[in-house]
Structures are given as C-alpha cells and as structure tokens.
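Subject: Handing over a structure for you to look at

Dear colleague,

I am passing on the structure we spoke about, and I would be glad if you opened it before reading further. After it you will find a careful account of what was found.

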Amino acid sequence: LAYLKGTRGVEHLMIEGGPTLAQSFLNAGLVDRAIIISAPVSFKIGVPSGIDDDALLSAGLESVCTYELGVDAVSCWTRKGCAWPAEDASKWP
C-alpha cells in the first residue's frame, strides 16, 4: 500500500473479497473506512463472515451512519479521527 501511494499517488483503495481478506485488512489496521451492505437474503446453511459491529469496533472503526438503499441496509464506518469524505455519508462514494 505504501508503494502504491509513493509511486502512483493512490489515496484510496477499494478491496473486495470474502471475509478472510476483509478480516486480514482489519487485523492489520489497514482499514480507514468501511461500507457494509447487507441484503435481505437467507440461505439454508449460512456462513458467518465474522465481520460484525464488534469486529469493526475492535479494528478501531466507529459507525458514521446507517441508511437503506432499496431493500439493502448500508452501514458506514470510519477510523476514529478520520473524517468521512462527504457531509452526508450516504452521498459517498
């Protein structure tokens, strides 16, 4: 990440993947902002992600807002002391 910032000027990097990748970044303290989208979908056998409010709080993040986007629930989190890029959190990104 430092290489990308130093050589390419990357200020924001979005990662997408499963819970293992997300938890790795959280554990390493590399997450400044998280947008969690929950869809109203049920599975016969659920696979818990382990990415819940407690995991985000343990990673030093705090809840900025929650809102609905269609049928999905969206929660926005940011590292303590790190301002959200927009006054209305639901307008970014």
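Before the first finding, one definition is needed: a patch is made of residues that have over 30% relative accessible area and no salt bridge, and nonpolar side chains such as Leu and Ile are joined into one patch when they lie within 5 Å. By that rule, Leu1, Leu13, Ile15, Leu21 and Leu30 together make a nonpolar surface patch of about 420 Å². Please keep in mind throughout that this is a predicted model.

One member of the patch, Leu1, sits in the segment that comes before α1, the helix of residues 2-8. Leu1 counts as partly exposed because its relative accessibility is 49%, and partly exposed is the class between 20% and 50%.

Now to the chain in general. The protein chain has three helices and three strands, and, read from the N terminus, these elements follow one another as α-α-β-α-β-β. The C-alpha trace spans about 45 × 30 × 25 Å along its principal axes. Of the 93 residues, 18% count as buried, while the surface that the chain exposes comes to about 6900 Å², with carbon and sulfur atoms supplying 55% of that area. Among the contacts with a separation of 6 or more, 53% are between residues 24 or more positions apart.

The strands are a good place to look next. Strand β2, residues 61-69, pairs with strand β3, residues 72-79, in the antiparallel sense, and eight bridges join them; within this pairing, Glu68 stands opposite Ala73. The two strands form a hairpin with two residues between them, and Gly70, which is in the turn, has a positive phi of about 65°. Strand β3 also pairs with β1, again in the antiparallel sense, this time over six bridges, and there Ala34 stands opposite Trp77.

Trp77, which belongs to strand β3, deserves a slower look. Is Trp77 buried or exposed? Its relative accessibility is 4%, and therefore Trp77 counts as buried. If we leave aside neighbours within four places in sequence, Trp77 is in contact with a list of residues that includes Asp32, Ile36, Leu56, Leu57, Val64 and Trp84. The side chain of Trp77 also makes a polar contact, at 3.3 Å, with the side chain of Ser75. As for Gly60, which is 17 residues from Trp77 along the chain, the two C-alpha atoms are separated by 9.7 Å.

Thr78 lies in strand β3 as well, and it counts as buried because its relative accessibility is 3%. A polar atom of the Thr78 side chain is 2.8 Å from the backbone oxygen of Cys82. Not counting residues up to four places away in sequence, Thr78 touches several others, among them Arg33, Gly60, Leu61, Ala83 and Trp84.

How many salt bridges does the structure hold? The structure holds one, and in it the side chains of Asp32 and Arg79 meet at 3.4 Å, taken from N to O. This pair links distant parts of the chain, for Asp32 is in the loop between α2 (19-27) and β1 (33-38), whereas Arg79 is in strand β3, 47 residues apart. As background, side chains of opposite charge can pair when their charged atoms come close. Asp32 counts as partly exposed, because its relative accessibility is 40%.

Arg79 leads us to one last residue, Ala59, which is found in the loop between α3 (53-58) and β2. Ala59 has a relative accessible area of 12%, so it is buried. Leaving aside neighbours within four places in sequence, the residues in contact with Ala59 are Leu26 and Arg79. Ala59 and Gly29 are 30 residues apart in sequence, yet their C-alpha atoms are 6.4 Å apart in space.

With best wishes

Key
Residues are numbered from 1 along each chain as its sequence is written. This is a predicted model: local features need pLDDT of at least 70, side-chain atom pairs count only at pLDDT 80 or more; totals for chains, interfaces and linings use all residues. Side-chain values use heavy atoms; hydrogens and water are left out. Patches are made of residues with over 30% relative accessible area and no salt bridge: like charges are joined within 9 Å, nonpolar side chains (Val, Leu, Ile, Met, Phe, Trp, Tyr) within 5 Å. Accessible areas come from the Shrake-Rupley method with a 1.4 Å probe; for residues, only the protein chains shown count as cover. A salt bridge is a side-chain nitrogen of Lys or Arg within 4 Å of a carboxyl oxygen of Asp or Glu. Helices (H or I, at least four residues) and strands (E, at least two) are DSSP runs, numbered from the N terminus. Buried means under 20% relative accessible area, exposed over 50%, partly exposed in between (1.4 Å probe, protein chains only). Two strands pair if DSSP finds at least two bridges between them. A polar contact is a pair of N or O atoms within 3.5 Å; within protein, one must be able to donate a hydrogen and the other to accept it, and residues adjacent in sequence count only if both atoms are side-chain atoms. Contact means heavy atoms within 4.5 Å.
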